[in-house]
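Visitor: I am new to reading structures, and I would like to learn how the words used for them are justified. Could you show me one and let me ask about it?

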Amino acid sequence: MLEIKNLAVSYGKNEVLKNVNLTFEAGMIHGVLGINGAGKSTLFNTIYGFKKPDAGSAQFQNRTIQNGDIGFMETSCYFYPLMTGFEYLKLLGIQNQDFDIKKWNELFELPLHEYVENYSTGMKKKLAFIGVIAMDRPILILDEPFNGVDIESNEKLLQLLIRLKSTNKIIIIASHIIESLTRICDRINLLENGIIKTTFEKAEFPILEKELKDSIKLKIDDVLEGLV
């Protein structure tokens, strides 16, 4: 179990996360839903250790979490120059003897012997995703994993995540696209202005969708009235 306790994070005087408390259980897919700027990436960067919190902690199995516990796929994927896709996966999977690069690449058919810098945005996203799998960490944190991938690859990612859930990993996904989360998540945490507003269980997802749609409609009705 991963527990986030009383987490507060700021950038200068800008308080991004405010007393966040969350519990992420193994064998489940957890969603973190929020508009751009809600604090999703800050939450993930703090859990991983990129950002130091002002207060609070992240505990994994009753100890302070370490980045070696986490396979972290960031929103923007960065790669070393003059590195092929094969070299990248070999590097990340160096401690995982069961990881078969060729077999895993059958999912996405990437040109692994070409330099990654020549890949398209979608290809880089898929390579980063396989790389996270190669690390074989107990916690997977995926920040906007569906951005930039085509319809077929999006479906493959969804199906793979469903399979990975059965391996008893803790899987956490952030997205601003609600349909991506409601399809595969067991629980969705709604993050608004740095605060976990509500946590929705699967049976409550229709309520979440209606609340969000009604909220957006209320915000734009007056503007649309003047435009159309």
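Visitor: Which residue follows α1, and what is the sign of its phi?

Guide: The residue after α1 is G49, and its phi is positive, near 110 degrees. Please keep in mind that this is a predicted model, in which local features need pLDDT of at least 70 and side-chain atom pairs count only at pLDDT 80 or more, while totals for chains, interfaces and linings use all residues. Residues are numbered from 1 along each chain as its sequence is written, and side-chain values use heavy atoms, with hydrogens and water left out.

Visitor: What makes α1 a mostly covered helix?

Guide: Helices here are DSSP runs of H or I with at least four residues, strands are runs of E with at least two, and both are numbered from the N terminus. A residue is buried under 20% relative accessible area, exposed over 50%, and partly exposed in between, using a 1.4 Å probe and protein chains only. In α1, which runs over residues 40-48, seven of the nine residues are buried, and these are K40, T42, L43, F44, T46, I47 and Y48.

Visitor: How do you know that Y48 is buried?

Guide: Its relative accessibility is 17%, and the limit for buried is under 20%, so Y48 counts as buried.

Visitor: Why is the pair of Y48 and F72 called tilted?

Guide: Rings of Phe, Tyr and Trp (its six-membered ring) pair if their centres lie within 6.5 Å, and planes under 30 degrees apart count as stacked, over 60 as edge-to-face and the rest as tilted. The ring centres of Y48 and F72 are 5.2 Å apart and their planes stand at 45 degrees, so this pair is tilted. Because Y48 lies in helix α1 and F72 in strand β6 (residues 70-73), the pair ties together parts that are 24 residues apart in sequence.

Visitor: What makes the pair of Y48 and F50 edge-to-face?

Guide: For Y48 and F50 the angle between the planes is 65 degrees, with 4.8 Å from centre to centre, and an angle over 60 is what edge-to-face requires. Y48, F50 and F72 belong, together with F44, to one aromatic cluster.

Visitor: How do you know that both faces of β6 are covered?

Guide: On one side I70 and F72 are buried, and on the other side G71 and M73 are buried. For F72 the relative accessibility is 12%, which means that this residue counts as buried.

Visitor: Why is the length of α5 said to agree with what is expected?

Guide: The expected span of a helix is 1.5 Å times one less than its number of residues. The 15 residues of α5 should therefore span 21 Å, and the end C-alpha atoms are 22 Å apart, which agrees.

Visitor: Which residues of α5 are buried, and how do you know where they lie around the axis?

Guide: The buried residues of α5 are S153, L157, L158, L160, L161 and L164. They cover an arc of only 165 degrees around the axis, which puts them on the same side of α5; the arc is that of the directions from the helix axis to the C-beta atoms. On the other side of α5, I151, E152 and R163 are exposed.

Visitor: What makes S153 a buried residue, and which residues does S153 contact?

Guide: S153 has 5% relative accessibility, so S153 counts as buried. Contact means heavy atoms within 4.5 Å, and, leaving aside neighbours within four places in sequence, S153 is in contact with F108 and K126.
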